[in-house]
Amino acid sequence: MTAVKAYAAQNATTPLAPFIFERRDPLPTDVQIEILYCGVCHSDVHQVRNEWGGSIYPMVPGHEIVGRVTKVGGEVKNFTVGDLAGVGCFVDSCRTCPSCLANEEQYCDTGMVGTYNGRDKEGNPTYGGYSTRIVVDEKYCLHISEALPIEGVAPLLCAGITTYSPLRHWKIGKGHKVAVVGLGGLGHMAVKFAASFGADVTVLSTSKSKEQDALNLGAHHFAVTTDPETMKNLQGHFDFILSTISARHDYNPYLNLLTLNGTMVVVGVPPQPSVVNAFSLIGKRRSIAGSLIGGIKETQEMLDYCAENGIVSDVEVIKASEVNEAYERMLKGDVRYRFVIDIASLK
Ligand code: NAP
Ligand code: ZN
Ligand code: ZN
């Protein structure tokens, strides 16, 4: 066991603060990673503040992790000391259920083991990437290209795969009119991927001030959702909507923007439910669906796609001590477009 420096929440209401805990030494199939950068996801805020219920404290958040391998177990085959490696939202799963066998471990029948706020197979709490080191079975580690700036790669491990996966699953590309709702961490990656896949992309936002950014990120159009006239004009317009909204809202006005047979995929997880009106669906045979991150195989495919196409997240690098302020700014929609912690600031 070795002591690791971290930032942790001790409960749902006090600020995150320095914390020291022990990590295991690498087991035969483990990779030990010195963390360099860790992204700040809105799910960190939801869980730190126990907005979804069931939070485990102390909590070391962070599931957008990039670092360098410093030790490997005797049976590790795919990583060597000195490699860049990434860890996303989960660090284990049952490995035998139909979802795990289909490379979709995020839908594991017994539940994936979250990178933090989870429990490993021995029942010990898991601690995430707001820390200097992590030890993970190589099966749940990703290969990271040396070609891209790694602070911009870190958010791909959650914001990237969470938007890439549904766009691929619903085969979005040329000829599709796509709306991305909410221009934050997930939303800005959704714009980059949907545009890169050839779709006609519109950002639907509550923030007029993000218009130029949306276009710079690759969107073709921008609309402010608080304007009733705009929402009326866009009714029946989109083949596919990806909703990344993090806070309580009504799903119906967005569903009404779908064309015949259109689909809205929800990836944002507001703590409160929304009532869906049957009339929002039946009149144009619309669908509403959800999607959770992506499996290890698809995450690697996404990372390789980003390396080939020069896609990274637009980030603001912060010190660990600035994370509480970053949460407040994220809640105000004041993030362009992902905070990433420089883990050197913890040492
Ligand atoms: P974020 O950076 O805070 O972005 C969320 C965006 O939603 C904001 O920038 C804002 O965009 C919009 N928004 C916020 N409140 C709104 C409201 N009341 N009405 C309408 N729009 C609102 O958060 P994120 O990190 O992208 O995460 C977004 C959500 O996805 C969170 O709930 C997170 O937990 C969830 N998530 C899900 C998965 C998954 O696997 N499904 C994975 C990761 C995260 P505008 O300013 O453009 O309106
Ligand atoms: Zn996340
Ligand atoms: Zn499983």
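# A walk from F21 to the zinc and ligand 1

Start by selecting F21: at 7% relative accessibility, this residue counts as buried, because the cut-off for buried is under 20%. Keep in mind as you click around that this is a predicted model.

**Stop one: the rings around Y127**

With F21 still highlighted, add Y127. Their two rings form a tilted aromatic pair, with 4.6 Å centre to centre and 55° between the planes. F21 lies in strand β2 and Y127 in the loop between β7 and β8, so this pair ties together parts that are 106 residues apart in sequence.

Now bring in F19. What kind of aromatic pair do F19 and Y127 form? This one is edge-to-face, at 6.2 Å centre to centre and with 65° between the planes. F19 sits in strand β2 (residues 17-23), while Y127 is in the loop between β7 (113-114) and β8 (133-137), so you are looking at a link between distant parts of the chain, 108 residues apart.

Are these two residues buried or exposed? F19 is buried, with a relative accessible area of 17%, and Y127 counts as buried too, at 15% relative accessibility. If you like hunting for rings, the count for the model comes to 10 aromatic pairs.

**Stop two: a cluster with an arginine**

Next, select Y164, F193, F197 and Y305, which form one aromatic cluster. Then show the side chain of R168. Which rings does its charged end sit over? One is the ring of F197, with the charged end 3.8 Å from the ring centre. Another is the ring of Y305, where that distance is 5.3 Å.

**Stop three: the zinc ion**

Jump over to ligand 2, the zinc ion. Show C41, H63 and C158 as sticks: they coordinate the zinc through SG, NE2 and SG, in that order, at 2.0 to 2.3 Å. Along the sequence, these donor residues follow the spacing C-x21-H-x94-C. Take C41 and H63 as a pair and you'll see a link between distant parts of the chain, 22 residues apart. C41 is in the loop between β3 (30-40) and α1 (42-48), and H63 is in the loop between α1 and β4 (65-72).

Try colouring by accessibility here. C41 counts as buried, at 3% relative accessibility, and H63 does as well, at 7%.

**Stop four: ligand 1**

Finally, select ligand 1 and its surroundings. How many residues are around ligand 1, and which come nearest? There are 29 of them, and S205, T206, S207, K210 and R338 come nearest.

Zoom in on some individual contacts. A polar side-chain atom of S205 lies 2.6 Å from an oxygen atom of ligand 1. Turn on the backbone and look at L183, where an N or O atom is 2.8 Å from a ligand 1 oxygen. G185 also has a backbone N or O atom to look for, 2.9 Å from an oxygen of ligand 1.

Switch on a surface to see the cover. Ligand 1 taken alone exposes 930 Å², and the protein buries 90% of that. Which elements give two or more residues to the shell around ligand 1? They are α1 and α5 (185-196). Select α1 as your last click: with three residues, α1 provides the largest share of the shell.

Conventions:
Residues are numbered from 1 along each chain as its sequence is written. Chains are lettered from A and ligands numbered from 1 in the order in which they are written. This is a predicted model: local features need pLDDT of at least 70, side-chain atom pairs count only at pLDDT 80 or more; totals for chains, interfaces and linings use all residues. Side-chain values use heavy atoms; hydrogens and water are left out. Donors are N, O and S atoms within 2.8 Å of the metal (3.2 Å for Na, K and Ca); water is not among the atoms, so sites may look incomplete. Helices (H or I, at least four residues) and strands (E, at least two) are DSSP runs, numbered from the N terminus. Buried means under 20% relative accessible area, exposed over 50%, partly exposed in between (1.4 Å probe, protein chains only). Rings of Phe, Tyr and Trp (its six-membered ring) pair if their centres lie within 6.5 Å; planes under 30 degrees apart count as stacked, over 60 as edge-to-face and the rest as tilted. A charge sits over a ring if NZ of Lys or CZ of Arg is within 6 Å of the ring centre and within 35 degrees of the ring normal. A residue is near a molecule or strand if one of its heavy atoms lies within 4 Å of it. A polar contact is a pair of N or O atoms within 3.5 Å; within protein, one must be able to donate a hydrogen and the other to accept it, and residues adjacent in sequence count only if both atoms are side-chain atoms. Accessible areas come from the Shrake-Rupley method with a 1.4 Å probe; for residues, only the protein chains shown count as cover.
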